[in-house]
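Hi everyone, thanks for coming. I'll take a few minutes to walk you through a structure, so have a look at the screen.

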Amino acid sequence: MIKKRLMNISPKFALKILILAAVVLLGVNAIQVNAQKINEARQKVEEVRTGLRNAIKIKQEEAKKQIEAVREQVKEKVKTQREAFKEKISQMKDERKRQTAERLEEQLNQINERWTTHFSNVLNQLENVLAKIEIRAQKAEVNGSDVSSVKTAIETARNAIKTARDAVVTQAAKGYTVTFESEDKLKDAFKTVKEQLRKDLTGLRDGAIRNARKAVQDVFQALRQIPGVDKEPTATSTPAGTNE
Amino acid sequence: MKLQSQKGNTTILIVSTVLAVLIIAGIWWYYRSQSVAGPAAEPLSGGDTTTIIQNDLDAIDFGADLEKEMDQQLDADINSL
């Protein structure tokens, strides 16, 4: 029955059907190729993202361990000086003053610890922002944009963050102990050490940390200059400089 | 009359065949694209648009209150000595 019906189809009609089927299959194939290109672009960006995440995690863990190690070293280093200080204030007659001096001496070092941890976290955050910029730049590159200026700025920012990390470690390695001749000079002795700590911490904040921040902001500015930078990768363009 | 009926049946047969081809091609394309895409098929926005990056930068506390906090924490005790 079917065979009989098919025999009745005119060649002209059959040709039309064949052309229609070919067009449909070509269309399906074109969609398939386009989808594959998009997926390849996405996979490339995903690889960059995973690589960056892992590298940052390792770097931040190392930085944390380094700071913890220098803190232990500094505790050992100032141990003798702290003992001498405690010995000296134990001879003070005024109990309230003695307690205040003990508390202040601990606070000075706690402040240093707290702020060096804070600045280390700031650098972690800057690194995370830098990674986001890098992923976005990678997407822009996949979309065919020229991201060379961003790449150069990223290198500068990485160096600035590295310099700041070293400066944080240097600051974390400092111990603050008070030495005084007599009880009436205790107040001035604390004022001097407090000012030194303040100078060191603000110097770190306004120096290396600010430079790292500016370097990351410069990268961000370079990224924003790229037209259509927030566009997700598509398969319609070829990544610049990735042709083989 | 019979010829017209036969022609109608043929048209139905051809349309059915074309539809079947389209459905099979669609299913094949869907499964193929799924295996190629894998985990990367998830949306890539992932929080890295310039607006989100700007917000992240703005949210970082660079220690503007350092001096104020130090003074609050230490000055009263130092002055009491």
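I'll start with some ground rules, then go to the contact between the chains, the salt bridges and the pockets.

So, this is a predicted model: local features need pLDDT of at least 70, side-chain atom pairs count only at pLDDT 80 or more, and totals for chains, interfaces and linings use all residues. Residues are numbered from 1 along each chain as its sequence is written, chains are lettered from A and ligands numbered from 1 in the order in which they are written, and side-chain values use heavy atoms, leaving out hydrogens and water.

Okay, the contact first. How many residues does each chain put into it? Chain A brings 60 residues and chain B brings 47, where contact means heavy atoms within 4.5 Å. People often give the size of an interface as the accessible area lost when the parts come together. Here about 5300 Å² is buried between chain B and chain A, and 66% of that comes from carbon and sulfur atoms. That buried area is the accessible area, with a 1.4 Å probe, that two parts lose on being put together, summed over both.

Now the charges. Side chains of opposite charge can pair when their charged atoms come close. Between chain B and chain A there are ten salt bridges, each one a side-chain nitrogen of Lys or Arg within 4 Å of a carboxyl oxygen of Asp or Glu. To pick one salt bridge, D48(B) meets K139(A) at 3.2 Å, N to O. On the chain B side of the contact, α1 (2-37), α2 (50-59) and α3 (66-79) each supply at least two residues. Helices here are DSSP runs (H or I, at least four residues), numbered from the N terminus. α1(B) has the largest share of that side, 14 residues. By class, the chain B side splits into 23 nonpolar, 14 polar and ten charged residues.

Over all chains, the salt bridge count comes to 24. Take E105(A) and R82(A), whose closest N and O atoms are 2.9 Å apart. E105(A) sits in α4 of chain A and R82(A) in α3 (residues 79-89) of chain A, so this pair ties together parts 23 residues apart in sequence.

Last stop, the pockets. A pocket, on a 1 Å grid over the protein atoms alone, is an open set of points where a 1.4 Å probe fits, with protein on both sides within 12 Å along at least five of seven lines; lining residues have an atom within 4 Å of a point. The largest pocket holds about 350 Å³ of space, and 21 residues line it, with K59(A), E127(A), I161(A), K162(A) and R165(A) nearest its centre. Which helix gives the most to that lining? It's α2(A), with eight residues.

The second largest pocket has about 240 Å³ of space. Its lining has 13 residues, and R82(A) is one of those nearest the centre. α4(A) gives the largest share there, five residues.

Methods. Points joined across faces, edges and corners; volume = space filled by probe spheres on them. Nonpolar A, V, L, I, M, F, W, Y, C, P; charged D, E, K, R; others polar.
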